[in-house]
Amino acid sequence: MFSFIHTSDLHLGKRFGRMPEALRGRLTEARHASIQTLAELAKTEGAAAVLVAGDVFDAETPSPAVVRQALRAMGAAADIRWVLLPGNHDSLAADPLWSSIGAQRPDNVILALTPTPIEIAAGVVILPAPCTARRPGRDLTEWMSDAEVDPSAIRIGLAHGAVQSFGEDGASDVIAPDRAERSGLDYLALGDWHGQMRIGERTWYSGAPEPDRFKHRAPGRALVVSIGERGAPPVAAPADTGAFDWRTCDVSLQPGADAGARLTDSLPEIGRRRQTLARVVVEGRCSLAERAALIGASAAVEADFAWFELREDDLGLDYEVDDLDVIDKAGALREAAEALLADARSDALSAPEREAAKAALSRLYDYVTEAS
């Protein structure tokens with residue numbers, strides 16, 4: 001039985017420029033800490049190696065400190081072998097990067113820089129397909145079909161890129177989704193898609209060990225893979241590895257709903273919030289008063305989270321005379337509110353103009369209720 005950890009897309013050195021400065025540091029450090037998390041997972045599961053299917057680094061020019069510290073962390077787990085494959089973010093085009101890694105790497109770090117077999121253990125061979133450029137434009141795994149390997153050896157493909165018309169950067173149909181079957185692989189370990197996904201019995205995307213976006217609606221994960229013998233079906237078991245949770249919380253509202261309670265019910269438990277980046281997506285319809293309750297509930301919990309965002313793009317607002325009475329029963333504010341309401345309902349105006357009027361009326365309502 002040969003067991004290993006399949007991971008990818010560590011993106012070490014990622015800067016998270018749109019996040020607040022204090023959070024950027026925490027997210028960057030979590031990516032570095034994923035190395036130790038993966039090493040501990042390997043030891044717990046009795047895995048002999050960690051296979052990183054591309055994008056070890058976020059860019060072709062990570063700082064020397066990021067490279068050195070990553071290699072030191074891998075070297076500290078001396079009983080685990082690390083196989084590093086160039087991905088599209090740190091492709092072979094970054095020759096200075098891989099030359100530097102080659103000069104510094106500890107003995108337990110193996111660089112998969114050429115499409116040639118690597119014997120990782122007795123009777124177990126890795127067939128790597130390193131990315132030659134950010135967009136290679138061809139299936140780099142084709143060579144695996146003709147690889148000269150002991151017929152009795154377990155064959156594990158290692159590649160990075162898109163299959164089945166999807167990929168993180170919009171590329172499509174590069175790696176044949178049936179590559180494992182075409183090339184007689186016992187397992188094909190893929191990277192690039194940051195969410196964990198089974199493509200076939202012998203083909204998986206591991207997902208990123210530490211999430212870096214809301215896209216996949218899933219925690220950071222890796223795969224613990226075991227293969228008993230040549231030709232035997234692999235056993236791939238998901239393992240949670242992420243320190244941070246990028247959580248999309250869906251809230252659906254209808255008129256009369258308790259908007260604050262609906263938002264609170266959608267949020268994770270209090271004990272996880274400091275490690276959660278929350279994006280609350282609200283849809284449906286509500287009144288101005290109900291929207292004010294939603295805004296108030298959001299403000300009350302925002303500080304609990306590592307990062308919090310409320311999205312109302314798909315929320316429609318119903319306007320009542322009572323809402324205008326809250327703004328003012330007469331005078332300039334009432335006249336402004338009535339004018340905005342008329343514009344919001346006017347068929348003579350374009351949709352963007354009506355939306356601008358709705359947004360202005362909502363802001364006016366919020367201003368008045370906050371000041372009262």
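1. Which elements make a right-handed β-α-β unit with helix α1 (residues 21–45)? In this predicted model, the unit consists of β1, helix α1 and β2. Strand β1 covers residues 2–7 and runs parallel to β2, with 4 bridges joining the two. Within that pairing, phenylalanine 4 has alanine 49 of β2 as its bridge partner.

2. The arrangement continues past β2. Strand β2, helix α2 (residues 64–76) and strand β3 also make a right-handed β-α-β unit. Strand β3 spans residues 81–84, runs parallel to β2 and is joined to β2 by 4 bridges. Alanine 49 stands opposite arginine 81 in β3, and alanine 49 is also the bridge partner of phenylalanine 4. Strand β2 therefore carries parallel pairings to β1 and to β3, as defined by at least two DSSP bridges in each case.

3. Are the side chains of β2 (residues 49–52) buried or exposed? Ala49 and Leu51 point one way, Val50 and Val52 point the other way, and all are buried. The general pattern is that side chains of a regular strand alternate between the two faces of the sheet.

4. On overall scale, the protein has 9 helices and 15 strands. Of its 372 residues, 51% count as buried. Taken along the principal axes, the C-alpha atoms fill a box of roughly 85 × 40 × 35 Å.

5. One open sheet has 6 strands in the order β5-β6-β7-β8-β10-β9, and its pairing is mixed. The edges are taken by β5 (118–121) and β9 (197–200); each has a single partner strand, so one side of each is left without a neighbour in the sheet. On average, and with direction ignored, neighbouring strands of this sheet are turned by 25 degrees against each other.

6. The antiparallel sense appears in this sheet between β5 and strand β6 (residues 124–129), which pair over 3 bridges. There, alanine 121 stands opposite valine 124 in β6.

7. Further along the order, strand β7 (residues 154–160) and β8 run parallel and are joined by 5 bridges. Isoleucine 156 stands opposite tyrosine 187 in β8. On the β10 side, β8 pairs with strand β10 (residues 203–205) in the parallel sense over 3 bridges. Leucine 188 stands opposite threonine 203 in β10.

8. Why is β8 (residues 187–191) described as largely enclosed by the rest of the structure? The reason is that 5 of the 5 residues of this strand are buried. The burial applies to both faces: Tyr187, Ala189 and Gly191 lie on one side, Leu188 and Leu190 on the other, and all are buried. Two of these residues were named in the pairings above: tyrosine 187, opposite isoleucine 156, and leucine 188, opposite threonine 203.

9. A second open sheet to note has 3 strands in the order β13-β14-β15, with parallel pairing. Its edge strands are β13 (245–253) and β15, each of which pairs on one side only. Neighbouring strands of this sheet are turned by 10 degrees against each other on average, direction ignored. Strand β13 pairs in the parallel sense with strand β14 (residues 276–287) over 9 bridges, and valine 251 stands opposite valine 282 in β14.

10. Where does the lining of the largest pocket come from? Edge strand β15 (307–318) and helix α9 (351–371) each supply at least two residues. The largest share, 6 residues, comes from β15. The full lining is Arg291, Glu312, Asp313, Asp314, Leu315, Gly316, Leu317, Glu355, Lys358, Ala359, Ser362 and Arg363. By class, these residues divide into 3 nonpolar, 2 polar and 7 charged. The volume of this pocket is about 260 Å³.

11. How many cavities of 30 Å³ or more are there? The count comes to 1. About 50 Å³ of space lies in the largest cavity. Its lining is formed by His194, Gly195, Ala208, Pro211, Asp212, Arg213, His216, Ala218, Pro219 and Gly220. The lining of this cavity has 4 nonpolar, 4 polar and 2 charged residues.

Note on methods
Residues numbered from 1 in each chain as written. Predicted model: local features only at pLDDT ≥ 70, side-chain atom pairs only at ≥ 80, totals over all residues. Heavy atoms only, no water. 1 Å grid on protein atoms, 1.4 Å probe; cavity = no way out; pocket = protein on both sides within 12 Å on 5 of 7 lines; lining within 4 Å. Points joined across faces, edges and corners; volume = space filled by probe spheres on them. Nonpolar A, V, L, I, M, F, W, Y, C, P; charged D, E, K, R; others polar. Buried < 20%, exposed > 50% of the residue type's maximum accessible area, 1.4 Å probe, protein only. Right-handed = clockwise from strand over helix to strand, strands pointing away. Axes fitted to C-alpha atoms, helices over the stretch in contact; angles between N-to-C directions.
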